[in-house]
Amino acid sequence: MMKKVLNPFRYLPLRQAICWGVVGLILITVFMWQCGLRATSLTQIDFGGGALWNVLVRQLIIWIMFSLVLFVGGVLGSKSKVRFGDVAAFNLFARLPFSLSLLIFAIPSVKTVMGYATDMNMSAMMEHMTTLLFISIATMVFCIWYFFWTYKAFAEATNVKNSRGVAIFFVCFMLSYVASISILKMIV
Amino acid sequence: MKKLPKICPSCGGVLRVQTMFCAGCETRIDGDYPLPPLMQLSEEDQEFVCDFVKCSGSLKEMAQKMGLSYPTVRNRLDDIIGVLNK
C-alpha cells in the first residue's frame, strides 16, 4: 500500500491517470475561478481573477508546456522509446497534490491573510502569524508531495532514473517554470 | 527447484557449460558451450520473458496481468533488451 502511495505511477493504468487528472483539473479550475485565483507560473498563483475560460486556459498551458518539456528531456535522456501520451497523463495526475494544496483557500481566514500578503500589508500579516505558519507548513507539505510525484511520473514515463533522471528533471522543471511565467504574462 | 548458477563464486566471471548428462541412458557429453542468451538473465527477468511470450507479446496484457502500469512494463522490457544486447 505504501509503495502505491509513494509511487502510484508504477501501478496506475494510463486511462485512470488521465481520467483522475482531468477530473482534478476541472474541479480545481472551477474552485480557482470561484475564489478569484489564477495561475501565474508552474507553481504560483495570485488573486488576478478572470473568466472561467481564462483560468482553464492557464491550467492547460501549464500542463501541456510542462509535459512537452519533460517529453523532450525524456527523449534526449532515455534509452527507451518515450511516448508523449504517457508523460502527459502521468504529469497531469502528478499535479493533483498541487491542486489539493489550493483548497486551503476555501478557509476564509487563509484567503484574508493571503490577501494581506499580496498587498504587502506587513502589520496585518503580523497579527495573523498563526494562520501564516499554518499556510506555510501546509503548502510546503503539498509542494514536496507534488515535486516527488512529478519526478516519479517523469521517471516511470521516460525510464530515466537515478542521478541522471534527477538532473534532467531538475533542468526541465526550471525551464518550464521560467517559460510558464513568460507565456502566462501574455494572457490578459 | 535448484537454481542454476551463472556467475563464478570465485572470480565473478560468467560460467560456461562443459558437461551435459542424460539421466535416462547415462550418456555424458563434454564440450565447451556458452550459456544461451536467455539463461544469462536473472530468474525474474526469465519469468518476465516467459510471461511476455505467453501474452503473445502484448505489453498491455502483461501490464494487466502484473498489476503494473504500461510504461513500467515497457521499461522492464527495455532493460532486458539492454542486458541481452550486452
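The largest cavity holds about 50 Å³ of space, a volume being the space filled by probe spheres set on grid points that are joined across faces, edges and corners. A cavity here is a set of points, on a 1 Å grid over the protein atoms alone, where a 1.4 Å probe fits but cannot get out, and lining residues have an atom within 4 Å of a point. The model is a predicted one, with local features needing pLDDT of at least 70 and side-chain atom pairs pLDDT 80 or more, while totals for chains, interfaces and linings use all residues. Side-chain values use heavy atoms, without hydrogens or water, residues are numbered from 1 along each chain as written, and chains are lettered from A and ligands numbered from 1 in the order written.

With a floor of 30 Å³, the count comes to two cavities. Lining the largest one are Gly21(A), Gly24(A), Leu25(A), Ile28(A), Gln59(A), Leu92(A), Arg95(A), Leu96(A) and Ser99(A). Two helices (DSSP runs of H or I, at least four residues, numbered from the N terminus) each bring at least two residues to that lining: H2 (14–35) and H5 (96–102) of chain A. H2(A) chips in the most, with four.

One of the lining residues, Arg95(A), has its C-alpha atom 8.8 Å from that of Phe147(A), although the two sit 52 residues apart along the chain. Phe147(A) belongs to helix H8 (residues 129–158) of chain A. Phe147(A) is classed as partly exposed because its relative accessibility is 34%; the cut-offs are under 20% for buried and over 50% for exposed, with partly exposed in between (1.4 Å probe, protein chains only).

Out on the surface, Met1(A), Met2(A), Val5(A), Leu6(A) and Phe148(A) make up a nonpolar patch with about 550 Å² of accessible area together. Such a patch takes residues with over 30% relative accessible area and no salt bridge, its nonpolar side chains (Val, Leu, Ile, Met, Phe, Trp, Tyr) being joined within 5 Å; a salt bridge puts a side-chain nitrogen of Lys or Arg within 4 Å of a carboxyl oxygen of Asp or Glu. Areas follow the Shrake-Rupley method with a 1.4 Å probe. Helix H1 (residues 2–6) of chain A is the top contributor to the patch, with three residues. Met2(A) sits in H1 of chain A and counts as exposed because its relative accessibility is 57%.

As for cysteines, there are zero disulfides over all chains, a disulfide being a pair of cysteine sulfur atoms within 2.5 Å. Cys55(B) has its nearest cysteine sulfur, that of Cys50(B), 11 Å away. Cys55(B) is buried, at 4% relative accessibility, whereas Cys19(A) is partly exposed at 44%.

Key: Patches are made of residues with over 30% relative accessible area and no salt bridge: like charges are joined within 9 Å, nonpolar side chains (Val, Leu, Ile, Met, Phe, Trp, Tyr) within 5 Å. On a 1 Å grid over the protein atoms alone, a cavity is a set of points where a 1.4 Å probe fits but cannot get out, and a pocket is an open set with protein on both sides within 12 Å along at least five of seven lines; lining residues have an atom within 4 Å of a point.
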